[in-house]
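This report walks through selected contacts between strands and between side chains. Please look over the sequence and the structure before reading on.

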Amino acid sequence: MRTAARLAWALLLAVLALPVLGAETGRSPYFRAGVYLDWFGSQYEGSDFSNRFSLRLKGEFLNRRGQGWNLLLDTRDRVRVGEVSSNHLMLYDARLSFEKAGSPLFVSIGQMNLYDTAGIGQLLGGALGYKPLPDLLIGGYAGLESSVYVDRVSQDYNKFGLFARYLGSGGKRLALSYNQLSYSGETERRFIYAGTLFPVNRSLVFYANLEYELASQVQTSDRLTRLFANVRWSPVDLIDILAHFSSGKGLDFHRYVIERSKDPTLNDQELERFYYSQQYGLRLSLKPARGLRFYVERRESEQKDSGVRNHTWRFGASVINLLRSGISAYGNYALNRGEISESDSFYLSLTKDFGRVSWNVSFSNTFNGVRFNSRTGTPEVMHLDDYKTISTYVFVPVTRIFAVSAEYEYFLQRDADQHLFFLRLILRN
């Protein structure tokens, strides 16, 4: 615990010292950094109050990304206080990289994630690439299978691969990679990753990603371990049509967990895609006026292992600046039917801006979240059916460089007096 705290403070001092060093050398190096101090508190029926504190340091130095040599640092020290105490030092990024317009070379060394290039998540090692064309990058990577937790990196897990990335005009993106993960010299996974964002034109956008296993021990029927596809079509301003399909984990679970460990969301509607091994659906949205939207969606969900299928009709609406009151509202209602279907669910959210201060309150009858097991530190998906939850959130920019956000959540269950608190202090240059 002392080592983690000392490292965090050392990183903070290094960040604060950069402008001074730049002044002494007569240079003004690029310097953009933020400090986030978080407190998470919880109180459950019959339990002691639980406290968890964390300090996150995030900085970008030397040059902006894509403009030459760049040093990126993103780390968090999290301490759990109470009867079951723990301390975890997490390192999201600590890498030195080079990428510049007009230069064919790409280099990255250190702790990094390769979502934009190889789609493999965390890596402790290096990546090297070459641009035969300004929009096309090809290269390879090698290193250790990494974790954001500093004390969980194992030298027995190694990964390497080849990748290609295309960045085109209008936001077009395509990534393709061959990846191999081995343990003590034995191959555990060998797979292809592909991902694309392809705006065909202003009205038609296609997004997809997949993982396909190549290892011989994987049965043919199980090789497609993840597939997600999404097509959005807006033939006219009034109509918006969205079709989606997912198999396996419809979202990138590892990336999702990392993002949520950086910016936790107490009750998250997006987690529903993790409950099922296959989902597909179609949503029709109507926008009859500026700031007003109605939608209806049909969704089929299936747990292949257990043979459970669920059928959902979801109806929703949103409005911005309701009756010129400055209030924005969003709500949806889902009719769930099936062999072992969930209860019908609803969600309502109201947002109001008071000058620069933003306030939100929401209510739902389900709870979705990611919780980290206090013993193993591993993430666990939580879904509580028919669980009435009220939450409120406020964001206050105190000065140009200092801001405060706070969130409170209460479960309206009989004999379940449960409270969740989240407070964040933000300091950015």
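## Strand pairing around Ser108

Ser97 has Ser108, in strand S5, as its bridge partner. The model in which this pairing appears is a predicted one. Strand S4, residues 86–100, and strand S5, residues 105–113, run antiparallel and are joined by 5 bridges. Between these two strands of the hairpin there are 4 residues, and Gly102 takes a positive phi near 95 degrees there.

Strand S5 also pairs with strand S6, which covers residues 122–133; these two strands run antiparallel as well, with 9 bridges between them. Ser108 stands opposite Ala127 of S6, and Ser108 is likewise the bridge partner of Ser97.

## An aromatic pair that reaches strand S4

Strand S4 also takes part in an aromatic contact, since Phe98 lies in S4 while Trp69 lies in strand S3, residues 67–81, and the pair therefore ties together parts that are 29 residues apart in sequence. The ring centres of Trp69 and Phe98 are 5.2 Å apart, and because their planes meet at 50 degrees, which is neither under 30 nor over 60, the pair counts as tilted.

The two partners fall into separate accessibility classes: Phe98, at 14% relative accessibility, counts as buried, whereas Trp69, at 42%, counts as partly exposed.

## A stacked pair between distant strands

The structure holds 10 aromatic pairs. In one of them, Trp39 and Phe421, the ring centres are 6.0 Å apart and the planes stand at 25 degrees, so this pair is stacked. Trp39 belongs to strand S1, residues 30–43, and Phe421 to strand S24, residues 416–428, so that the contact links distant parts of the chain, 382 residues apart.

Both rings belong to residues of intermediate accessibility, because Trp39 has a relative accessibility of 22% and counts as partly exposed, and Phe421, at 26%, counts as partly exposed too. Together with Tyr408, Trp39 and Phe421 form one aromatic cluster.

## Charged ends over rings

Aromatic rings in this model also meet charged side chains, as two contacts show. The charged end of Arg189 sits over the ring of Phe191, at 4.0 Å from the ring centre. In the other contact, the charged end of Lys352 sits over the ring of Phe354, and here the distance to the ring centre is 5.5 Å.

Conventions
Residues are numbered from 1 along each chain as its sequence is written. This is a predicted model: local features need pLDDT of at least 70, side-chain atom pairs count only at pLDDT 80 or more; totals for chains, interfaces and linings use all residues. Side-chain values use heavy atoms; hydrogens and water are left out. Rings of Phe, Tyr and Trp (its six-membered ring) pair if their centres lie within 6.5 Å; planes under 30 degrees apart count as stacked, over 60 as edge-to-face and the rest as tilted. Buried means under 20% relative accessible area, exposed over 50%, partly exposed in between (1.4 Å probe, protein chains only). A charge sits over a ring if NZ of Lys or CZ of Arg is within 6 Å of the ring centre and within 35 degrees of the ring normal. Two strands pair if DSSP finds at least two bridges between them.
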